[in-house]
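Work through the exercises below with the sequence and the 3D structure at hand. Try each task before reading its solution.

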Amino acid sequence: MVFITEEMIKQFETLLEKVDEPLKKTFQNMHNGYQRETLGRFLKARDGNVSNAHKMLMDCLNWRVNNEIDNILAKPINPSDLYRAVRDSQLTGMSGYSKEGLPVIAIGVGRSTYDKASPSATKKFGRYIGTCIKILDMTGLKISALNQMKLLSVISTIDDLNYPEKTETYYIVNAPYIFSACWKVVRPLLQERTRKKVQVLSGSGRDELLKIMDYDSLPHFCRREGSGSSRHSRDGTVSDCFSLDHPYHQQLYNYVKEQASLVRSHAPVRHGSFHMDFPEPDPDVKIIECELQRLGNQNGLSRALHELKVNGD
C-alpha cells in the first residue's frame with residue numbers, strides 16, 4: 001500500500017490553484033472542509049501518482065458540474081410511492097455505525113430489482129470520518145440476475161471514479177451456493193487493493209460483525225433472530241434499513257423535501273427524471289461483467305459448479 005506524503009499533498013494543492021471557479025466551488029462542496037483528506041483519497045486511488053490523481057479529480061469535478069451533483073438532493077421524487085419504488089430497485093440503507101465510527105452501509109444485492117453518511121458521522125463522533133463499511137446481503141441471489149450487470153457496473157464505476165477509497169471493507173453475507181461460483185470467477189479479476197477489502201462471512205455474519213459494531217448497528221438481515229431477520233429494533237423502531245420507514249431514509253427524504261422547498265422559492269422545481277452522464281467502466285469492470293454474463297448461461301454455470309465440487313472450494 002502506497003504511503004501518501006506531505007510533498008504529494010502540497011503538489012496536488014498547487015495544481016488545484018489553477019482550476020476554474022465552478023470547479024473550485026463544487027470541490028468545496030465535495031470535501032466539506034476536509035480538503036487534505038479528500039486529496040489523500042484520490043492519491044491513494046492512483047497509487048500516489050500526483051498527475052494521475054489530479055486528472056482523476058478534474059474528471060470528477062467536471063462530472064459534478066455537468067450533472068449538477070451539488071443540487072441533486074434538491075430534486076424531489078414525488079409521490080412517496082414513487083420514492084419507495086426507486087428504493088426497491090436498488091436496496092440500500094444505513095443501519096448505524098461501527099465501533100470506530102464508520103457508517104455501516106447495507107446493500108441488498110440479491111433482492112434488488114434494478115454519501116450524506118460521512119458528514120453526519122464526522123459530526124456525531126467529533127472527528128473526521130471519510131470511509132464506511134459496506135455489508136452486501138446476497139439473500140435471494142439467482143443465476144438469472146447475472147446477465148443484468150450493466151446497471152451495477154455503472155453504479156460501481158461512478159462510485160470508484162468520483163468517490164474513491166470511501167469503502168474500508170466489503171462484507172458479504174447470506175451468500176447462497178451460486179455465489180461461490182460467481183466469486184471463483186470474479187475474485188482473480190479484481191485489483192489486489194479491492195480484493196483485500198472483500199471478506200466473505202459465514203451465514204449472516206452476525207458473530208463476526210458484532211466484533212466491530214454494536215447489535216443496534218447490525219443490518220436487519222444479519223440479526224437472524226429466531227427463524228428470520230427482525231424487522232424492529234429493541235426500542236421498537238423499524239430496523240429494516242431498506243425501508244422508507246427507517247430513520248435513515250426518513251431523514252434523507254425530509255432533507256430532500258427541505259432542499260427542494262428552498263430551491264422552489266427561487267425557481268419552480270421540475271418533478272420527474274433527470275439525465276446523468278455515466279463514465280465508461282474500467283477495462284477490469286468490463287471483463288468481470290463479461291465473465292458474469294458467461295456464467296449466466298446454463299453451460300457456464302454447470303462448468304463453474306462442477307469445478308467447485310471437484311476442487312472442494
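Three exercises follow, on a sheet, on one of its strands and on a pair of helices.

The structure is a predicted model, in which local features need pLDDT of at least 70, side-chain atom pairs count only at pLDDT 80 or more, and totals for chains, interfaces and linings use all residues. Residues are numbered from 1 along each chain as its sequence is written, and side-chain values use heavy atoms, with hydrogens and water left out.

**Exercise 1. The sheet**

Task: find the order of the strands in the sheet and state which strands stand at the edges.

Solution:
- Start with the terms: strands (E, at least two residues) and helices (H or I, at least four) are DSSP runs, numbered from the N terminus. Two strands pair if DSSP finds at least two bridges between them.
- E1 (residues 92-97) and E2 run antiparallel and are joined by five bridges. One pair to look for is Gly 93 with Ala 106 in E2.
- Five bridges also link E2 to E3 (residues 132-137), this time in the parallel sense. Here Ala 106 has Ile 135 in E3 as its bridge partner.
- E3 runs parallel to E4 (residues 167-173), with six bridges between them. Lys 134 is found opposite Tyr 170 in E4.
- The result is an open sheet of five strands with mixed pairing, in the order E1-E2-E3-E4-E5.
- E1 and E5 (198-200) are at the edges; each has a single partner strand, so one side of each lacks a neighbour in the sheet.

**Exercise 2. Strand E2**

Task: decide whether the residues on each face of E2 are buried or exposed.

Solution:
- Buried means under 20% relative accessible area, exposed over 50%, and partly exposed in between (1.4 Å probe, protein chains only).
- In a regular strand, side chains alternate between the two faces of the sheet.
- On one side of E2 are Pro 103, Ile 105 and Ile 107, and on the other Val 104, Ala 106 and Gly 108; all are buried.
- The count for E2 (residues 103-108) is therefore six buried residues of six.

**Exercise 3. Two helices**

Task: describe how H2 and H4 pack.

Solution:
- Two packed helices are described by the angle between their axes and the distance between the axes.
- Axes are lines fitted to C-alpha atoms, for helices over the stretch in contact, and angles run from 0 to 180 degrees between N-to-C directions.
- For H2 (residues 21-31) and H4 (residues 50-66), the angle is about 95° and the axes are 9 Å apart.
- Angles under 35 degrees count as roughly parallel, over 145 as roughly antiparallel, 65 to 115 as roughly perpendicular and the rest as oblique. H2 is therefore roughly perpendicular to H4.
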